[in-house]
Amino acid sequence: MSSILLRSVLFRNLSLPVLSYQPISRHLSYTLIKCSSNSTSKSDQKITKDGNTSETQDPGDIHFRLTSSKHPLGDDIAKKVTTSVWENPIPHKIYTTDELLKIEKTHREPEKVKDRLALFAVKLMRGGFDFVSRYKGPGGEMSRNDWLNRCLFLETIAGVPGMVAGMARHLKSLRSMKRDHGWIHTLLEEAENERMHLLIFMTLKDPNIMFRLMVIGAQGIFFNIFFLTYLLAPRTCHRFVGYLEEEAVKTYTTLLQDIEENSKLKAWKEEQAPLIARKYYKLPEDATVKDVVLCIRADEATHRDVNHTFASLDFELDNNPFIGKHGRKKA
């Protein structure tokens with residue numbers, strides 16, 4: 001009992017900085033807080049549900065953010081942290097308005113048996129996921145929560161192929177002591193781009209524990225199957241991803257249609273885009289969630305075309321034709 005009383009007195013009278021972990025919906029931020037009985041500061045009260053802040057830091061903007069507590073390393077460090085804006089260092093495409101509106105659903109007809117197998121695998125996966133998730137398609141039946149669950153889960157899967165392929169080619173380049181001809185860069189950029197899609201949607205919804213367990217299981221299964229298949233048939237895997245991205249473009253096109261026609265989603269035409277998305281895509285301050293979905297759909301169309309191209313190249317000898325197209329352009 002005496003030890004409990006002693007601890008309570010110490011924490012009541014001392015203001016000790018403690019590192020506090022924030023949920024992933026706030027972009028894996030860490031916050032320095034004080035162990036005191038004082039009320040929440042005004043700057044803390046400005047943090048909104050989706051993680052945006054008014055004048056201080058945004059979780060999607062920087063990795064470490066502070067409350068009004070004094071930084072243990074001094075005021076100079078605190079100023080650097082609070083004023084710096086984190087920007088994703090991986091080069092990626094920045095789209096113009098015309099480019100966003102010109103994105104269309106396309107389909108590449110399979111020519112070989114392995115192409116048909118890749119298409120069949122995608123159709124099987126999509127059909128199974130639609131059934132399990134009770135996907136209703138366009139027409140007003142999908143709620144905001146339904147769409148966010150679907151997008152979140154799909155992005156956790158979509159980020160796997162690029163990383164697996166990039167890792168496999170990286171290790172092969174090390175073993176063989178030969179060049180990779182630039183494929184690694186594009187594949188890793190694709191994986192990072194899909195991860196950014198996930199982080200953007202995480203600012204709109206924080207999944208529950210059951211959802212997270214499903215993601216862990218799905219990732220464990222898909223990663224290992226795709227990795228082993230890529231070692232044996234890389235071209236077939238790239239064709240598979242090309243068809244998978246065709247379905248992604250269809251999904252986001254349907255979502256955009258629902259934003260226009262579904263009363264449950266019309267708020268996304270006016271709701272401000274998360275700050276992490278505005279910074280990543282170089283969007284203006286008045287950009288909306290709909291604008292972000294347009295950008296994500298354009299990314300998926302790019303991945304579709306890239307992987308269909310990779311599937312048609314000689315993966316041992318051909319250079320990556322997209323290596324010079326990763327630089328950022330101002331919209």
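In this predicted model, helix H11 covers residues 289-312, and its length can be checked with simple arithmetic. At 1.5 Å a residue, the 24 residues of H11 should span 34 Å, and the C-alpha atoms at the two ends lie 35 Å apart, which agrees with that expectation. H11 is also mostly covered, with 18 of its 24 residues buried.

The same check can be made for helix H9, which runs over residues 234-261. Its 28 residues should span 40 Å at 1.5 Å a residue, and the distance between its end C-alpha atoms, 41 Å, agrees. Burial is again the rule here: 23 of the 28 residues of H9 are buried, so this helix is largely enclosed by the rest of the structure.

Stepping back to the whole chain, the secondary structure comes to 11 helices and 3 strands. Along the sequence these elements follow the pattern α-β-β-α-β-α-α-α-α-α-α-α-α-α. Of the 331 residues in the chain, 45% are buried. The chain exposes about 18300 Å², and carbon and sulfur atoms supply 60% of that area. Contacts reach well along the sequence: among those between residues at least 6 apart, 72% join residues at least 24 apart.

Attention now turns to the interior. The largest nonpolar core holds 62 residues, and the members that touch the most others are Phe 201, Phe 226, Phe 240, Leu 255 and Trp 268. Helices H5 (113-133), H6 (144-176), H7 (183-202), H8 (209-232), H9, H10 (275-281) and H11 each supply at least two residues of this core. The largest share, 10 residues, comes from H6. For a closer look at one of these members, Phe 226 is a handy choice: leaving aside its neighbours within four places in sequence, this residue is in contact with Pro 161, Val 164, Cys 237, Phe 240 and Val 241. Phe 240, one of those partners, is itself among the core members that touch the most others.

Phe 240 turns up once more in the description of the largest pocket. This pocket contains about 730 Å³ of space. Its lining is made up of 32 residues, and those closest to the pocket centre are Met 125, Ile 157, Phe 222, Phe 240 and Leu 244. Four helices, H5, H6, H8 and H9, each supply at least two residues of the lining. These helices also each supply at least two residues of the largest nonpolar core.

Methods:
Residues numbered from 1 in each chain as written. Predicted model: local features only at pLDDT ≥ 70, side-chain atom pairs only at ≥ 80, totals over all residues. Heavy atoms only, no water. Expected span 1.5 Å × (residues − 1). Buried < 20%, exposed > 50% of the residue type's maximum accessible area, 1.4 Å probe, protein only. Core = buried A, V, L, I, M, F, W, Y, C linked by side-chain atoms within 4.5 Å. Contact = heavy atoms within 4.5 Å. Areas by Shrake-Rupley, 256 points an atom, 1.4 Å probe, with all protein chains shown as cover. 1 Å grid on protein atoms, 1.4 Å probe; cavity = no way out; pocket = protein on both sides within 12 Å on 5 of 7 lines; lining within 4 Å. Points joined across faces, edges and corners; volume = space filled by probe spheres on them.
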